[in-house]
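Student: Could you take me through the aromatic rings here, one part at a time? I would like a close look, please.

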Amino acid sequence: MKLVQTHIPGFPRIGAARELKFALERFWRGESSEAALQQTASNLRARHWETQRQHGLDFVTVGDFAFYDHVANHIQLFGCEPSRFGFSGDETPLARYFAMARGDSAHASCGCGHNGAALEMTKWFDTNYHYLVPEFSESTSFDLYSKRLLDEVSEARVAGHRVKAVLLGPLTFLWLGKERDAAPGFSRLDLLDRLLPQYSRLLMQLRVAGADWVQLDEPILGLDLPNAWRNAFEPAYWLLNQAGAQLIVATYFSPLEENVSLACRLPVAGLHVDAVRAASELTSVADWLPAHKVLSIGVIDGRNIWRTDLDATMATLMPVLSKRSGPVWLSTSCSLLHVPYSLAAEPALDDELRSWLAFAEEKLAELALLKAALSADERVSGQVARGFAEARAALECRRASTRVHNTDVSARMAGLASDDAAARRNSSFAQRQHLQRERLQLPAFPTTTIGSFPQTPEIRIARAAFKRGELSAPDYQQAMRAEIAHAVRTQEELGLDVLVHGEAERNDMVEYFGEQLDGFAFTANGWVQSYGSRCVKPPVIFGDVQRPQAMTVGWTKYAQSLTRKPMKGMLTGPVTILQWSFVRDDQPRADTALQIAAAIRDEVRDLENAGIAIIQIDEPALREGLPLRRNRWDAYLAWATKAFRISAAVAADATQIHTHMCYAEFNDILPAIAALDADVITIESSRSAMELLGGFASFRYPNEIGPGVYDIHSPRVPGSEEMAELLRKAAKVVPPAQLWVNPDCGLKTRAWPETSAALQNMVVAAQQLRAEIQLS
């Protein structure tokens, strides 16, 4: 058998017990020092490298760690922090880093001409991870500023590890950015010639520091690239190759398609491909890639938590191994950033379900088992046989389990799939709008929030006590009712027009619903980083989905009883529940989305019957689920938009349906967003200074829209005039009669003092616009 080596593109950085999250938040609150934060980071890196070595990986991956985001690491690494922050040079690198990530209140309104608003944040390809968007202009320059990566390589070398350093490739780094305050005709690709010398300098330094390999991530090779970007790859890598480092280019998340030949002929020592998302291309890559180059095959799914079918994986690998004379590495398809740390933290999972799963550590064990199986080493043959037999038995158990399939659900889905009327509202938007305005009697520029209010320590303590059985159900309900009453009272005092109950009872906008639906399972510690210190615990959809009983009606009815103003019923949409869960892989995602849509449809009907006049069905993940290749968009958008319409179409004309989307680019799917036929859409737009609205205006988006007027991910409280100016921008491109006023996103991560102050300013801004713009 061919001798193979193993590695991974990246590992979860937050720690088995979310140590990084808690260390960051202590530091941000001023409760710990920078030295303490750095020590936590060093301990985590050492532990994660040792974990990789213990599982037999031939290299540890260095450079995948970040205090907030790995793209932000590169902004600082290459010295291209936006000048608008007005950094003096006296700040520590970490202070500058967090100012870019969270906003710099020192330059918010000091009159110095600088802008301390946080960098825009958007989705990392089609994942639920968010990255900070680099800002480029013709004046952008590059220099090696941060030595953090070199220091980490030294740490790993001192610990005795063979090191593979990891960087974003230069083309992907530029692609992920945006032109800001740039001259007409400027393209960020124009900066490549300035950037490449700094990459070359860094590669030489990494080689001297002892990095055996450098992994350059170029996932944009899986996109539909303009010719100028495609043509830039070969000359760029010819230059980088001169640095003398052993380079492996990594692609993931998407097939290479027309870029297969380009990727294979790049002048580098190796190529990593995603053999999970692009399994059909593996033979082509094996044929195209020169024999002397390393072929790294990502055979273990780095995006999902299902146990690998080892027999099928071996069947995939053997033809490739038999035809290639050159070196082969085995790996996960992408970084393990997107899966939880370890099943060892899940003692409460039942044995059957547990046997179906593999988290990050278990995926390392699967790699080790595959490597052993290919080694033909008699000393491990018994271990290999047992491992394969165990995996085989778990897969057979899952296929046959009665927990997975429900004949009642299958019958209902067949009916919904064939009933076109089930996905249409009764009347046109114009007719619905007239009835809704008569019913709601809202002022111009109506104010509202996206849904959640601060999850205070009191809320979290009560929820934890309830889960431990230390707080009775009636006492827990009373505690949550008190929080809801506080939220309603505060909104009325602030003068908001459409209220929300604040979602005090909800642990997470997806987990809360999944806990009440059949077909879902939950972990105790299956945390995954979303951005910064924000972690989510995705549910596991293992079987057919249905709703046994109402999920939100009681809480919403109670909140509505406290006020005469409209109270929004708050639901998470089917596509977002799908995207933000670990989804079963034994049926098409479209089928699972339809099952969830049917459950949400039942909830909409019950809310309406309870007298709720406005129902919000959030779909922030609609754009995230879009395939990276345009030739697959139509099929996805067809079933995704249908799922939303099925969930909403049961509502009567006078019931106003809202949806919310955030932190993604929407302009290229505006027809699909319009096809949702939501009466009101609220979107994140403050970080981009209303840039997103340009597309909505050009498209002539027909329904009402609420562009976010302040960034909720920053502790900074913007002034009312700042918000009013954003609204004036919005009113120039969207008919003022169609505009709502709201924050960018939910407020659960914020504290009450800053929330109240910001919302008060938002209400004042809306009042200013009402006085300035008289609607007919």
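Tutor: Start with Phe-522. In this predicted model, Phe-522 is partly exposed, with a relative accessible area of 22%. Buried would need a value under 20%. Its partner is Phe-520, and the two form an aromatic pair. Phe-520 counts as buried, at 9% relative accessibility.

How do the two rings sit? A pair of aromatic rings is described by two things, the distance of the centres and the angle of the planes. For Phe-520 and Phe-522, the centres are 6.4 Å apart. The planes differ by 15°. Planes under 30 degrees apart count as stacked, so this pair is stacked.

The structure holds 27 aromatic pairs. Another of them joins Trp-28 and Phe-98. Here the distance is 5.5 Å centre to centre, with 90° between the planes. An angle over 60 counts as edge-to-face, so that is the name for this pair.

Now place these two residues. Trp-28 lies in helix H1, residues 19-28. Phe-98 lies in helix H4, residues 93-102. The two residues are 70 residues apart in sequence, so their pair ties together separate parts of the chain. Trp-28 is partly exposed, with 23% relative accessible area. Phe-98 is buried, at 7%.

Both rings also belong to a cluster linked by ring pairs. Its members are Phe-27, Trp-28, Phe-65, Phe-67, Tyr-68, Tyr-97, Phe-98 and Tyr-531.

Stay with helix H1 for a moment. Ala-23 is there too. Ala-23 is buried, at 3% relative accessibility. Leaving out residues up to four places away in sequence, Ala-23 touches Ser-32, Leu-37 and Thr-40. Compare that with His-292, 269 residues along the chain from Ala-23. The C-alpha atoms of Ala-23 and His-292 are separated by 45 Å.

Aromatic residues also appear where two helices meet. Helix H18, residues 473-494, packs against helix H20, residues 553-561. The angle is about 45°, and the axes are 10 Å apart. That angle makes H18 oblique to H20. The crossing is right-handed. From H20, the contact uses Trp-555, Tyr-558 and Ala-559. From H18, it uses Gln-477, Met-480, Arg-481, Ile-484, Ala-485 and Val-488. By class, that contact has seven nonpolar residues, one polar and one charged.

Terms used: Residues numbered from 1 in each chain as written. Predicted model: local features only at pLDDT ≥ 70, side-chain atom pairs only at ≥ 80, totals over all residues. Heavy atoms only, no water. Axes fitted to C-alpha atoms, helices over the stretch in contact; angles between N-to-C directions. Helix = DSSP H or I, 4+ residues; strand = E, 2+ residues; numbered from the N terminus. Parallel < 35°, antiparallel > 145°, perpendicular 65-115°, else oblique. Left-handed = near helix turned anticlockwise from the far one by under 90°. Contact = heavy atoms within 4.5 Å. Nonpolar A, V, L, I, M, F, W, Y, C, P; charged D, E, K, R; others polar. Phe/Tyr/Trp six-rings, centres within 6.5 Å; stacked < 30°, edge-to-face > 60°. Buried < 20%, exposed > 50% of the residue type's maximum accessible area, 1.4 Å probe, protein only.
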